[in-house]
Every structure is written in C-alpha cells, then in structure tokens.
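Please work through the exercises below with the sequence and the structure open beside you. Each task is followed by a solution that goes step by step.

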Amino acid sequence: MANGGFCKIVLLAAVLALPTSAIAQSTGAVKVGKYTNLPLPRFVSLKAQKVNMRVGPGKEYAVAWRYEKAGMPLEIIQEFDNWRRVRDVAGDTGWIHKSLLSGSRAGITTPWQTGNGEGVGLYDEPAGEATRLAFLKPGVIGKLPECDGIWCRMEVQTPNGRTLRGFVSQADLWGAYPDEQFD
C-alpha cells in the first residue's frame, strides 16, 4: 500500500484510540477488566511470531487477520474469559488468546503527527535539542522500557541485528497514551 493509504489508516486508528482513554482520564473513572482487574483500555504486545486474530472470543471463530511480528503493540479494549479483544495501529479489532500477548510495552512510530516527512527522531537524551541518533521510518516497532509522559525510551532492532537505544517523543508513538507514565 502506498504511504498515503498507510497514513490514512493509521491516522484513523489514532483517532479511534483516543476517545476511550480521554474519557477515562477526563472523568477520573478507570474501567477495569472483569477477568484481570487491569485497566481498560491498555497496551500490550504480541508474544509470539505468528498470531491469529479471530472474529470472536474462541478457536471456533474464523481468523480475521494473522500477525507475523512478535513485539507488535496492540491495545486491549475488552476481555472475555481467556480472550482479549484488541485494536491494532490500523484500527482493526478482533480477539486474541491471552497466552499470545505480553505485558511488555512496545511502540510503533507515527510520523504523520510530526509533519516533517523525515520520520521520527531517536535522540540520545530526552530532549528535542539532544543529539539525533537516527530517523525512524513510519511503522518502525521497538520496545518501550519506560515513558515519562513526554518522552519514551525506545529500543529498535536494525536489519543487521544492531540495537539502537534512545528517546522518542511520546507524541510520535502509538503504544503509549498521551501523558502516560510507566517504567
């Protein structure tokens, strides 16, 4: 798909992802999952390399989508028994068994928010005037060990197996809510 189509899909996902968390933050009410008592919505990542997303919460339901990228961030929006309804960066929703999900946080770069067309900057310190280590292209997935509400520490694997570590503006990632802090 051309970059224009990708951006439209991802922008839609960003718009779809905001209202639930914004409502919870504005009302002070935190919705929790019936089966885990953990907050809803919340971000997780794929544990396995190949994961089927189903149209319903059970193996008897048809496979709607197959993910082939361990570490990909997903947002849990609902729980039913051992199944989690998730939303991906493109806004697609479906059900995945909890054993295929990890509480480890990951993020995907979302450069349509920067407007610079160059990608997302990876910096050596959490500051825009810090030394830029790299530009990350749209759709780069990396681990998020921590976020402070403005910056996230991110670890990205390069195609040659090298690990880049640095800081990315939290506003340029999908995988952490605005102002969310964690470590």
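The exercises that follow concern charged side chains and backbone geometry in this model, which is a predicted one.

**Exercise 1.** Determine which side chain of opposite charge is nearest to Arg54, and where Arg54 lies.

*Solution.* Begin with the position in the chain: Arg54 belongs to strand β4, which covers residues 51–54. Next, consider its charge partners: Arg54 is buried and has no salt bridge, and the nearest side chain of opposite charge is that of Glu60, at 7.6 Å. A salt bridge requires a side-chain nitrogen of Lys or Arg within 4 Å of a carboxyl oxygen of Asp or Glu. Finally, look at the surroundings: once neighbours within four places in sequence are set aside, the contacts of Arg54 include Tyr61, Trp83 and Trp95.

**Exercise 2.** Find how many salt bridges the whole structure holds, and work out which parts of the chain the pair Glu180 and Arg105 ties together.

*Solution.* A search of the whole structure gives seven salt bridges. In one of them, Glu180 pairs with Arg105, and their closest N and O atoms are 2.9 Å apart. Glu180 sits in the loop between β16 and β17, whereas Arg105 sits in the loop between β9 and β10, so the pair ties together parts that are 75 residues apart in sequence. Both Glu180 and Arg105 are buried. For another salt bridge, turn to Arg66 and Glu68, whose closest N and O atoms are 3.6 Å apart; here Arg66 is partly exposed, with a relative accessible area of 45%, and Glu68 is partly exposed as well, at 48%.

**Exercise 3.** Identify the residues that are linked with Glu155 in a network of salt bridges.

*Solution.* Start from the salt bridge between Glu155 and Arg165, in which the closest N and O atoms are 3.8 Å apart. This pair links strand β14, which holds Glu155, to strand β15, which holds Arg165, the two residues being ten apart. Arg165 counts as exposed, because its relative accessibility is 53% and the exposed class begins over 50%. The network is then completed by Glu146 and Arg153, which are linked with Glu155 and Arg165.

**Exercise 4.** Locate the cis peptide bond that precedes Pro41, and establish the phi values of Asn37 and Asp81.

*Solution.* The peptide bond from Leu40 to Pro41 is cis, with omega near -5°, and Pro41 lies in the loop between β2 and β3. Asn37, in the loop between β1 and β2, has a phi near 65°, a positive value in a residue other than glycine. Asp81, in the loop between β6 and β7, likewise has a positive phi, near 55°. As to accessibility, Asn37 counts as exposed at 59%, while Asp81 counts as partly exposed at 42%.

Key: Residues numbered from 1 in each chain as written. Predicted model: local features only at pLDDT ≥ 70, side-chain atom pairs only at ≥ 80, totals over all residues. Heavy atoms only, no water. Helix = DSSP H or I, 4+ residues; strand = E, 2+ residues; numbered from the N terminus. Buried < 20%, exposed > 50% of the residue type's maximum accessible area, 1.4 Å probe, protein only. Lys, Arg positive; Asp, Glu negative; His and termini not counted. Contact = heavy atoms within 4.5 Å.
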